[in-house]
Amino acid sequence: MKLLLPVVSLLISAQVFSQTATRYETHISPAGLREKLNYIAGPETQGRESGTHGQRLAAAYIENNFKSAGLLPGTPGGYQMVFPLHVDTLLDVSFTVNKQKLARQADYSFNFNSLPTMYMDAREIVFAGYGLNDSSRNDYQGLDVKDKWVMVLEGSPARSSQLTPRQQAMQFQSKAVNARNNGARGLFVVSKAFPFVAPAQTAGGPYLKKRAASLPLLYISPAVAGSILQRKVDSIPDLQTVIPGTYKTNMELNVVKFTKRLPSTNVIGLLPGTDKPDEYVVVTAHYDHVGMEGGVIHPGADDDGSGTVSIMQIAEAFAQAKAEGRGPRRSMVFMAVSGEEMGLLGSEFYGDHPIFPLDKTTVNLNIDMIGRITPNYKGDSANYVYLIGDDRLSTELAPLSDSANRFVGLQLDRAFNGNDPQRFYERSDHYNFAKHGVPIIFYFNGVHADYHRPTDTIDKINFDLMSKRARLVFHTAWLMANKDEMLKRDLPLRPGSR
């Protein structure tokens with residue numbers, strides 16, 4: 001019974017704080033969210049790709065909103081924290097197998113960001129079946145792939161249904177992680193679909209350079225796979241009978257890029273605390289998106305226009321409370337992050353160069369896609385949100401989320417807190433706080449068919465549900481900002497991989 005007393009006391013205190021918060025949550029309204037999203041995801045910002053004019057327009061809009069709300073500049077030089085991006089232009093690429101030059105897109109393809117400037121001259125390759133490595137199957141067992149190029153088949157022997165482009169991209173990523181974890185130097189994925197456009201590849205150029213790839217990755221046709229293995233191959237079924245192992249070959253790959261440095265920014269507003277101003281609650285969302293492809297705008301209304309306008313509305317609610325003498329005890333930091341779509345670059349830069357000490361940051365609440373409903377959701381599809389990571393670093397965090405939710409009434413779904421093959425915990429900006437030991441919560445509505453497509457538009461946003469989710473973040477932040485002590489960091493840091 002003694003073990004329960006601290007939790008009971010904590011929850012009673014939380015309820016008292018949240019009762020005060022309810023008078024300010026009305027600032028987070030469907031109408032207010034819609035008004036801001038009409039600009040953030042509108043045509044003027046052109047998809048908000050990092051390093052572009054559209055991204056800079058969005059940053060200026062967010063800065064002006066923070067100023068109007070009464071937030072102070074979050075950096076010594078103003079509201080915007082500048083960090084570098086790199087723009088790559090492909091100058092030359094050639095790929096030769098057994099002295100036969102191959103044609104890009106017809107024989108092989110790659111995501112521009114998955115290959116650095118490099119030269120490869122290989123005389124052997126390791127064939128590793130489907131490249132799976134999980135609790136049910138390990139295709140790398142008995143294979144020595146350290147510092148070698150590996151070839152795997154797309155898909156899996158157990159899955160026959162058609163994958164969506166997003167599912168396919170995630171599967172390729174998982175295969176790359178498996179190869180890297182086993183020490184591979186690079187990876188070929190054999191795909192049945194050629195001519196082939198690599199997942200998430202942007203048409204044209206130049207290209208924004210993402211975080212350094214986990215390892216070089218190319219997609220090749222079954223015929224090219226046969227050339228590498230020096231046997232006749234017409235389709236993937238012809239490769240299913242190949243015994244995993246090391247095979248002699250002769251391959252040369254040459255990639256030449258030119259890189260130019262460009263700036264991007266995180267937009268940061270500060271609301272100083274009352275009696276604990278040197279401790280911080282950081283609320284984040286990324287405001288960048290993928291821009292335009294072939295002249296077509298990708299609006300990113302859900303990803304992550306929904307999170308961006310939510311943190312602006314939450315900031316207004318806190319600022320109003322402070323103006324009426326009920327400001328938070330801890331300082332509130334509201335940060336709209338850029339470079340997320342390029343590999344969490346803006347939040348990574350902040351994590352490596354924090355303006356507010358991370359050991360004094362009690363929590364990061366990160367919002368990334370809260371405006372939609374995932375198809376075929378198994379629970380109450382009109383009244384849910386996914387919470388990711390609240391069980392990772394502090395035993396206090398999940399109970400506080402539950403307590404804050406008493407004033408909102410959402411179904412809190414923690415399905416991705418366990419063994420998540422999609423690795424959502426590592427795929428948004430909270431990760432760059434968590435890896436430094438800061439407790440986090442990632443608020444998420446799940447995936448949908450409009451992800452990174454021109455069809456992620458404002459008309460598909462459920463503003464009533466979105467405002468409810470944003471209010472949950474507000475109430476949770478209110479509790480974090482006003483509790484007597486910072487969150488305990490009493491769970492071991494479990495490092496993820498990217």
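## Strand β15 and its neighbours

In strand β18 (residues 440-444), Tyr443 is the bridge partner of Ile367. This is a predicted model, and that pairing is a handy place to start reading it. β15 and β18 run parallel and are joined by four bridges.

β15 also has strand β11 (residues 276-286) to pair with, again in the parallel sense, this time over five bridges. If you want a spot to click on there, try Val283, which stands opposite Leu365 in β15. So is β15 (residues 361-367) buried or exposed? Seven of its seven residues are buried, so β15 is largely enclosed by the rest of the structure.

## Strand β10 and its partners

Now over to β10, which covers residues 245-271. Which strand pairs with β10 over 17 bridges? That's β2 (residues 80-97), and the two pair in the antiparallel sense. Within this pairing, Val82 has Thr265 of β10 as its bridge partner. β5 (residues 118-127) runs antiparallel to β10 as well, with nine bridges joining them. Here Ala122 is matched with Met251 in β10.

Two further strands pair with β10. With β14 (residues 330-337), β10 makes five bridges in the antiparallel sense, and Gly269 has Phe334 of β14 as its bridge partner. With the short run β1 (residues 72-73), there are two bridges, also antiparallel. Leu72 is the residue to look for, as it stands opposite Leu270 in β10. While you're tracing these strands, keep in mind that in a regular strand the side chains alternate between the two faces of the sheet.

## Tyr79, between β1 and β2

Tyr79 sits in the loop that links β1 and β2. Where does that leave its side of the story: buried or exposed? Tyr79 has a relative accessible area of 9%, which is under the 20% cut-off, so Tyr79 counts as buried.

What does Tyr79 touch, leaving aside residues up to four places away in sequence? The list includes Glu63, Phe66, Lys67, Leu71, Leu72, Pro73 and Gly74. It also includes Asn266, Val267, Ile268 and Gly269. Leu72 and Gly269 will be familiar: Leu72 stands opposite Leu270, and Gly269 is bridged to Phe334. As for Lys67, it is twelve residues from Tyr79 along the chain, and the C-alpha atoms of the two are separated by 8.8 Å.

## Helix α11 and the helices it meets

On to the helices. The axes of α7 (residues 301-323) and α11 (residues 463-482) come within 10 Å and cross at roughly 50°. The two are therefore oblique to each other, and the crossing is right-handed. On the α7 side, the contact residues are Ser306, Val309, Ser310, Ile314, Ala317, Phe318 and Ala321. They meet Met466, Ala470, Val473, Phe474, Ala477 and Trp478 of α11. Sorted by class, that contact has eleven nonpolar residues, two polar ones and no charged ones.

Helix α2 (residues 30-40) meets α11 too. Their axes come within 9 Å and cross at roughly 105°, which makes α2 roughly perpendicular to α11. From α2, the contact uses Pro30, Leu33, Arg34 and Leu37, while α11 brings Phe463, Asp464, Met466 and Ser467. The tally for this contact is five nonpolar, one polar and two charged residues. Notice Met466, which appears in the contact with α7 and in the one with α2.

Definitions and conventions. Residues are numbered from 1 along each chain as its sequence is written. This is a predicted model: local features need pLDDT of at least 70, side-chain atom pairs count only at pLDDT 80 or more; totals for chains, interfaces and linings use all residues. Side-chain values use heavy atoms; hydrogens and water are left out. Axes are lines fitted to C-alpha atoms, for helices over the stretch in contact, and angles run from 0 to 180 degrees between N-to-C directions. Angles under 35 degrees count as roughly parallel, over 145 as roughly antiparallel, 65 to 115 as roughly perpendicular and the rest as oblique. A crossing is left-handed if the near helix is turned anticlockwise from the far one by less than a right angle, and right-handed if clockwise. Contact means heavy atoms within 4.5 Å. Ala, Val, Leu, Ile, Met, Phe, Trp, Tyr, Cys and Pro count as nonpolar, Asp, Glu, Lys and Arg as charged, and the others, Gly among them, as polar. Two strands pair if DSSP finds at least two bridges between them. Buried means under 20% relative accessible area, exposed over 50%, partly exposed in between (1.4 Å probe, protein chains only).
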